[in-house]
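Here's a quick tour of a model, starting with its nonpolar packing and moving on to its charged pairs. Have the structure open while you read.

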Amino acid sequence: MTVLDILKAALRRWYVLLLVLVLTGFLTATFFRDSGAFATRTAVTFTLPARTTLMANSGSDDSSVIAFAGAIAAEINLGKPALTYSTVDAPYYGAGVRQGILVSLRNEGNQWVASYPSATIEIQIVGRSREWVQTQQQELLTKIADVTDAQQRTVVPAVADRITATVEPTSTQIDEITPTRTTEYLAVAAMALAGVIVGTWSAVGVDQLVLRLSTSRRNRALRRVPTAMGRIAR
């Protein structure tokens with residue numbers, strides 16, 4: 001089938017192409033209405049007793065403190081390993097997640113080689129509303145504080161001698177993630193191109209089906225003609 005044949009078939013069955021384009025436009029509008037999300041990457045740093053994260057010897061890079069933070073993250077995740085990506089700064093929503101939670105020990109490596117230089121737990125939350133993200137954030141921060149306290153209560157009775165968990169204030173911000181104007185234009189162009197391609201081939205398919213049905217009916221009619229003529233002759 002040549003390009004000219006395809007164009008002729010698309011013109012003959014223009015209503016099929018139009019229907020596909022309308023459906024594509026509807027899907028595109030639906031995607032745009034549902035686009036955007038809210039996300040946060042909250043960090044909780046663990047330090048040695050009576051020390052702050054601003055101190056040079058806070059202990060946040062101490063191997064035992066890092067191991068303790070890892071145990072807290074594992075308990076929050078119910079023992080399930082956290083997802084890893086090819087780059088350390090890859091956002092959770094970048095994986096296509098529209099609503100979800102990822103709690104993990106900060107990994108400065110990648111999905112092949114892990115590196116945990118500090119006792120910091122990162123809470124990545126992606127949601128469709130700011131209120132949902134904020135609620136999940138507060139619940140997880142409370143849970144981390146409770147688990148941290150419970151893990152040390154029996155072995156370290158004095159509160160002043162326990163490892164402390166500090167929420168990094170600037171990390172509690174919740175950002176709205178929206179596509180740029182350029183991204184929107186590219187998305188519309190891609191959807192339009194997909195609609196034209198799918199609509200054209202759908203029109204060609206319908207055209208070939210109609211032609212086959214028409215040919216079949218014509219052949220059946222021609223086969224009945226000699227029989228009818230024979231009856232008339234008798």
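## The main core

Which residues of the largest nonpolar core touch the most other members? This is a predicted model, and in it the answer is F46, I72, I76, I121, I123 and I144, out of 23 residues in that core.

Where do the core residues come from? Strand 1 (37-47), helix 3 (63-76), strand 2 (100-105), strand 3 (120-127) and helix 4 (130-153) each chip in at least two. Helix 3 is the top contributor, with 7 residues.

## A look at I72, and a second core

I72 is a good place to zoom in. Leaving aside residues up to four places away in sequence, I72 touches F46, I121, I144, V147, T148 and Q151.

There's also a second core, separate from the big one, made of 6 residues. Among them are A37, A39, L102 and V126.

## A long-range salt bridge

On to the charges. Side chains of opposite charge can pair when their charged atoms come close. Searching the whole structure turns up 6 salt bridges.

One of these joins the side chains of D207 and R13, at 2.9 Å from N to O. The partners come from distant parts of the chain, 194 residues apart: D207 sits in helix 5 (residues 181-233), while R13 is in the loop between helix 1 (3-12) and helix 2 (14-33). Are the two buried or exposed? D207 counts as buried because its relative accessibility is 3%, and R13 is buried too, with a relative accessible area of 16%. R12 joins in as well: R12, R13 and D207 are linked in a network of salt bridges.

## D149 and its two arginines

Which side chain does D149 meet within helix 4? That would be R153, in a salt bridge of 2.5 Å, N to O. Both residues lie in helix 4, 4 residues apart, or about one turn of the helix. D149 is partly exposed, at 29% relative accessible area, and R153 also counts as partly exposed, at 46% relative accessibility.

D149 has a salt bridge with the side chain of R162 too, at 2.5 Å from N to O. Here D149 is in helix 4 and R162 is in the loop between helix 4 and strand 4 (164-167), so this pair ties together parts that are 13 residues apart in sequence. R162 is buried, with a relative accessible area of 8%, whereas D149 is partly exposed.

Definitions and conventions: Residues are numbered from 1 along each chain as its sequence is written. This is a predicted model: local features need pLDDT of at least 70, side-chain atom pairs count only at pLDDT 80 or more; totals for chains, interfaces and linings use all residues. Side-chain values use heavy atoms; hydrogens and water are left out. A nonpolar core is a set of buried Ala, Val, Leu, Ile, Met, Phe, Trp, Tyr and Cys residues joined through side-chain atoms within 4.5 Å. Buried means under 20% relative accessible area, exposed over 50%, partly exposed in between (1.4 Å probe, protein chains only). Contact means heavy atoms within 4.5 Å. A salt bridge is a side-chain nitrogen of Lys or Arg within 4 Å of a carboxyl oxygen of Asp or Glu.
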